[in-house]
Amino acid sequence: MSTNAADPLVALGGLPGVPDAVDSVRKAVDRVYGHRVMRRRSNEITSEAALRGARGSAALSGADWALEEVRRRTDFGSEPEARTVGAALRLTAEAGQLLSIWRQSPLRVLARLHLVAAADAGDAVGRPRQRGEAVDEPLIELPLPDADEVAGRLEGLSRLIIAGGSAPALVTAAIVHGELLALRPFTSHNGLVARTAERIVLIGSGLDPKAICPAEVGHAELGRAAYAAALDGYVSGTPQGMAAWIAHCGKAVELGVRESTAVCEALQRGAA
């Protein structure tokens, strides 16, 4: 992430194509919030969005299970894919508990998310990786920044979040997501943590306060190849690459909106 603007997130919001993506996301979110089912059954939509979001995030981390398998399964502690799905479910549940802390101490929240995802007490859990520590993130094949660079960029990201500003929620969420994927600050579960952090920003910003627009669903639907290609654009640091990543995240939110709209329609028909 690089820009010379005094408020870099606001500057990114002005990149070509980004204002259109922001506007399109806002209109899509407003439409689903205006659905008549939301007035009576919003808690059901929130619960279903959480489940589908966790499934989508797990799929991007290599555990592409059918939704009904995720819904019915109770044991998530055995084989690697099951542990990935379990971690995604735990993180989705945890996200809502961390909203008040995020703006004051985002690094504390990220450490907590890694602890929840890893679900063990290893020495590397719940803290940024140190020099010489390997990273288990096989689906992201970008060059790995060293521990010193990670520490510095995490501090910079933390300062941006704490300072706040007027950048659109989509822009902030996309940059948090992209920066965490680029850095892979933990020894494991970085993709799951990055997507949960994106979720926290979208909810906490007020764009999606009821957590019914699961971007993780959209990221999974767009596919891992498109996800990796868009992330390459972010890592390039070019205006075009950054704009493409933000637009990709916007499309993911819109697809999450479409998913929850379908749930609303099914409830309205009495089919769910």
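## A tour of the pockets, a buried helix and its salt bridges

Start with the lining of the largest pocket: select it and colour by residue class, and you should get 10 nonpolar, 6 polar and 5 charged residues. Keep in mind as you go that this is a predicted model.

**Stop 1: the largest pocket**

To centre the view, pick Ser61, Pro80, Thr84, Asp136 and His189, which lie nearest the middle of this pocket among its 21 lining residues. The space in there comes to about 420 Å³. Now show the helices around the site. Both α5 (80-95) and α7 (106-118) put at least two residues into the lining. Which helix gives the largest share of the lining? Colour α5 and you have it: 6 of the lining residues come from there.

**Stop 2: the second largest pocket**

Next, move to the second largest pocket, with about 280 Å³ of space. Select Arg103, Gly164, Thr172, Val201 and Ser205 to find its centre; of the 17 residues in the lining, these are the closest to that point. Four helices each give two or more residues to the wall: α6 (99-102), α8 (147-163), α9 and α10. The largest share here is 3 residues, from α10. Run the residue-class colouring again, and the lining splits into 10 nonpolar, 6 polar and 1 charged.

**Stop 3: Thr92**

Go back to α5 and select Thr92, which sits in that helix. Is Thr92 buried or exposed? Its relative accessibility is 11%, and the cut-off for buried is under 20%, so Thr92 counts as buried. Draw a distance from its side chain to the backbone oxygen of Ala88 and you should read 2.9 Å. That partner is four places back along the helix. An α-helix has 3.6 residues a turn, so residues three or four places apart point the same way. Then expand the selection to contacts, skipping neighbours within four places in sequence: Thr92 touches Ala50, Ala54 and Arg199. Hold on to Arg199, since the next stop picks up that residue.

**Stop 4: helix α11**

Select residues 215-222, which make up α11. Why is this helix described as largely enclosed by the rest of the structure? Because 6 of its 8 residues are buried. Highlight Ala215, Glu216, Val217, Gly218, His219 and Ala220 to see the buried set. To see what lies over those residues, switch on the neighbouring helices: the cover includes α3 (38-60), α9 (169-183), α10 (190-204), α12 (224-236) and α13 (239-269). Before leaving, click on Gly223, just after α11, and check its backbone torsions: phi is positive there, at about 100°.

Stay on Glu216 and bring in Arg199 from the previous stop. Their side chains form a salt bridge, 2.9 Å from N to O. Glu216 belongs to α11 and Arg199 to α10, so this pair ties together parts that are 17 residues apart in sequence. Glu216 is buried, with a relative accessible area of 3%, and Arg199 is buried too, at 8%.

Now select Glu221, also in α11, together with Arg258 in α13; the pair ties together parts 37 residues apart in sequence. The two residues form a salt bridge whose closest N and O atoms are 2.3 Å apart. Here the surroundings are more open to solvent by the accessibility figures: Glu221 is partly exposed at 42%, and Arg258 is partly exposed at 48%.

**Stop 5: other salt bridges**

Widen the view to the whole chain, where the structure holds 18 salt bridges. Side chains of opposite charge can pair when their charged atoms come close. One pair to zoom in on is Arg153 and Glu179, with the closest N and O atoms 2.8 Å apart. Arg153 lies in α8 and Glu179 in α9, so this bridge ties together parts that are 26 residues apart in sequence. What is the accessibility of each partner? Arg153 is partly exposed at 24%, whereas Glu179 is buried at 1%.

For the last selection, take Glu48, Arg52, Glu68, Arg71 and Glu259 together: salt bridges with shared partners join these residues into one network.

Terms used: Residues numbered from 1 in each chain as written. Predicted model: local features only at pLDDT ≥ 70, side-chain atom pairs only at ≥ 80, totals over all residues. Heavy atoms only, no water. Buried < 20%, exposed > 50% of the residue type's maximum accessible area, 1.4 Å probe, protein only. Contact = heavy atoms within 4.5 Å. 1 Å grid on protein atoms, 1.4 Å probe; cavity = no way out; pocket = protein on both sides within 12 Å on 5 of 7 lines; lining within 4 Å. Points joined across faces, edges and corners; volume = space filled by probe spheres on them. Nonpolar A, V, L, I, M, F, W, Y, C, P; charged D, E, K, R; others polar. Polar contact = N/O pair within 3.5 Å; in protein donor to acceptor, adjacent residues only side chain to side chain. Salt bridge = Lys/Arg side-chain N within 4 Å of Asp/Glu carboxyl O.
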